[in-house]
Amino acid sequence: MAKTFVGIGFGPIQSGLFLLEALESGNFERLVVAEIVPEVVASVRRGGGSYWINVAEAGGLRSHQVAGLEIYNPLDADDEAQLVAAIASADEIATALPSVEFYDRGTPSPARLLASGFRRKLLHRELPSTVVYAAENDNHAAELLRDAVRAQLDPAERLRLDDRVQVVNTVIGKMSGVVSDPLLVERDSLVPFIEEGHQAVLVEEFNRILINRITLDGFERGIEVFQEKSDLLPFEEAKLYGHNAAHALMGYLANRRHVTYMHEVSSSDLLRFVEQAFLEESGGALCRRHAGVDLLFTMSGWAEYVDDLLTRMINPYLRDRVDRVIRDPRRKLGWNDRLIGTMHLALEQKLESRRYALGAAAAVELLLATEPNQSVTKLLDSIWGSSESRVDQHAIVGQMEKAREELRDFT
């Protein structure tokens, strides 16, 4: 039977990863996407169901056209009906929304759309079972999406749902973004996302995406390149406390040196500094915590991971701006987020994290410039709240205060 793929949300991850991989697999007869911006819907339809993605490879840029896409606006009643029918017949679905908070937003919400399609699937045994990839940046996105969908169903439907539908978490280490400045789009010879549009989607070539192991009886994935893991948590932590932490560290310290693009770090001592943090602080803590889980969590496996990621982070064709990497410092200083989370993970493993302390101090300095008349302790209390260990908080604040002194010489 020919397969159907449905995407909910039409940002860079959906358009430049899921839909692109579904197309290139050759295993799907139908590609369908939900999008609520009328101008985007109209433009894709005028182009015969096509849009463009720019892919940053190791040796240059490649522009790729995705064609034959069916696009529907769920805010339109006729389009909503078409989407529900597509969801009912879908083999694979991906949600790629701004956050898990969007599962229940809108009329209809993504959860209601999915529930309506799954209700029809439960009534017709000839319709295929479905895997849903939850691509929102949350370690429990799959569970939250599943609960949101189940809340829309009656008790009898809930009992039968797990036999036909599996929602899986994802670890997506793919760098992507939207280039909004028309001058940059023209300068870098990027192809605009849609016909007559001024923005371009730019993604890296990387497609080694990790997902939960599929347990649906007899299910065969159409997107074959994804890698299944029995337990995703260690790999989610590797992304957050390795990839994301090192990326943020590089960004905040590059900003101190007035660097514009991440690839400009390639010829500086800063790259070696970040590499050491990635290897010794992230790697040291994670390899202790997850020893024996996978080859990744060995010093040789981690070194390969670091080498690959640093090469990708400074790919000049990705044109990754430092100001994009360092945006939203309050979130990135969260207790369980990339910088502070890596520091208290290191504390748990009896390791120092002085390099990440320097990155966290740089993020704090950035915040203090916009939120004056605050002490570091007061600022961090407002971010962390009072639910975390006061002993660990005191130790981390002490490391950061020391790092602030060192930061003055980091130019």
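This report describes helix packing, strand pairing and some backbone features of the structure above.

The structure is a predicted model, in which local features need pLDDT of at least 70 and side-chain atom pairs count only at pLDDT 80 or more, while totals for chains, interfaces and linings use all residues. Residues are numbered from 1 along each chain as its sequence is written, and side-chain values use heavy atoms, with hydrogens and water left out.

**Helix packing**

Helices (H or I, at least four residues) and strands (E, at least two) are DSSP runs numbered from the N terminus. Axes are lines fitted to C-alpha atoms, for helices over the stretch in contact, and angles between N-to-C directions run from 0 to 180 degrees. On that basis, helix α13 (residues 338-348) packs with helix α14 (residues 354-370) at an angle of about 150 degrees, and their axes are 9 Å apart. The α13 side of the contact (heavy atoms within 4.5 Å) is made by Leu339, Ile340, Thr342 and Met343, and the α14 side by Tyr356, Ala357, Gly359, Ala360 and Ala363. Sorted by class, the contact of α13 with α14 has seven nonpolar, two polar and no charged residues; here Ala, Val, Leu, Ile, Met, Phe, Trp, Tyr, Cys and Pro count as nonpolar, Asp, Glu, Lys and Arg as charged, and the others, Gly among them, as polar.

Two residues of this contact can be described further. Met343, in helix α13, counts as buried at 0% relative accessibility, where buried means under 20% relative accessible area, exposed over 50% and partly exposed in between, for a 1.4 Å probe and protein chains only. Leaving aside neighbours within four places in sequence, Met343 is in contact with Ser353, Tyr356, Ala357, Ala360, Ile396, Gln399 and Met400. Ala363, in helix α14, is likewise buried, with a relative accessible area of 0%. With neighbours within four places in sequence again left aside, the contacts of Ala363 are Tyr252, Pro329, Leu333 and Leu339.

A second pair is formed by helix α8 (residues 233-256) and helix α10 (residues 299-313), whose axes come within 11 Å and cross at roughly 40 degrees. That angle makes α8 oblique to α10, given that angles under 35 degrees count as roughly parallel, over 145 as roughly antiparallel, 65 to 115 as roughly perpendicular and the rest as oblique. In this contact, Ala238, Lys239, Gly242, His243, Ala246, His247 and Met250 of α8 meet Trp302, Tyr305, Leu309, Leu310, Arg312 and Met313 of α10. By class, the contact of α8 with α10 has eight nonpolar, three polar and two charged residues.

**Strand pairing**

Two strands pair if DSSP finds at least two bridges between them. The pairings are set out below, each with a residue pair.

| Strands | Sense | Bridges | Opposite residues |
|---|---|---|---|
| β3 (residues 51-56) and β4 (residues 61-66) | antiparallel | six bridges | Tyr51 and Val66 |
| β1 (residues 3-8) and β6 | parallel | four bridges | Phe5 and Glu92 |
| β6 and β7 (residues 130-134) | parallel | four bridges | Thr95 and Ala134 |
| β3 and β10 (residues 200-204) | parallel | three bridges | Val55 and Val203 |

An open sheet of four strands has the order β4-β3-β10-β9, with mixed pairing. Its edge strands are β4 and β9 (176-179), each of which pairs on one side only, and the twist averages 30 degrees from one strand to the next. Helix α1 (residues 12-25) lies across β3, β4, β9 and β10 and runs at about 75 degrees to β4. In the hairpin of β3 and β4, which has four residues between the strands, Gly60 takes a positive phi near 160 degrees.

Strand β6 (residues 92-95) is covered on both faces, with Glu92 and Ala94 on one side and Ile93 and Thr95 on the other all buried.

**Backbone features in loops**

In the loop between β6 and α4 (110-123) lies Pro108, which is joined to Thr107 by a cis peptide bond with omega of about 5 degrees. Arg319 has a positive phi of about 50 degrees although it is not a glycine; this residue is in the loop between α10 and α11 (322-325) and counts as partly exposed at 24% relative accessibility. Lys350, also not a glycine, has a positive phi of about 60 degrees. Lys350 is in the loop between α13 and α14, and at 72% relative accessibility it counts as exposed.
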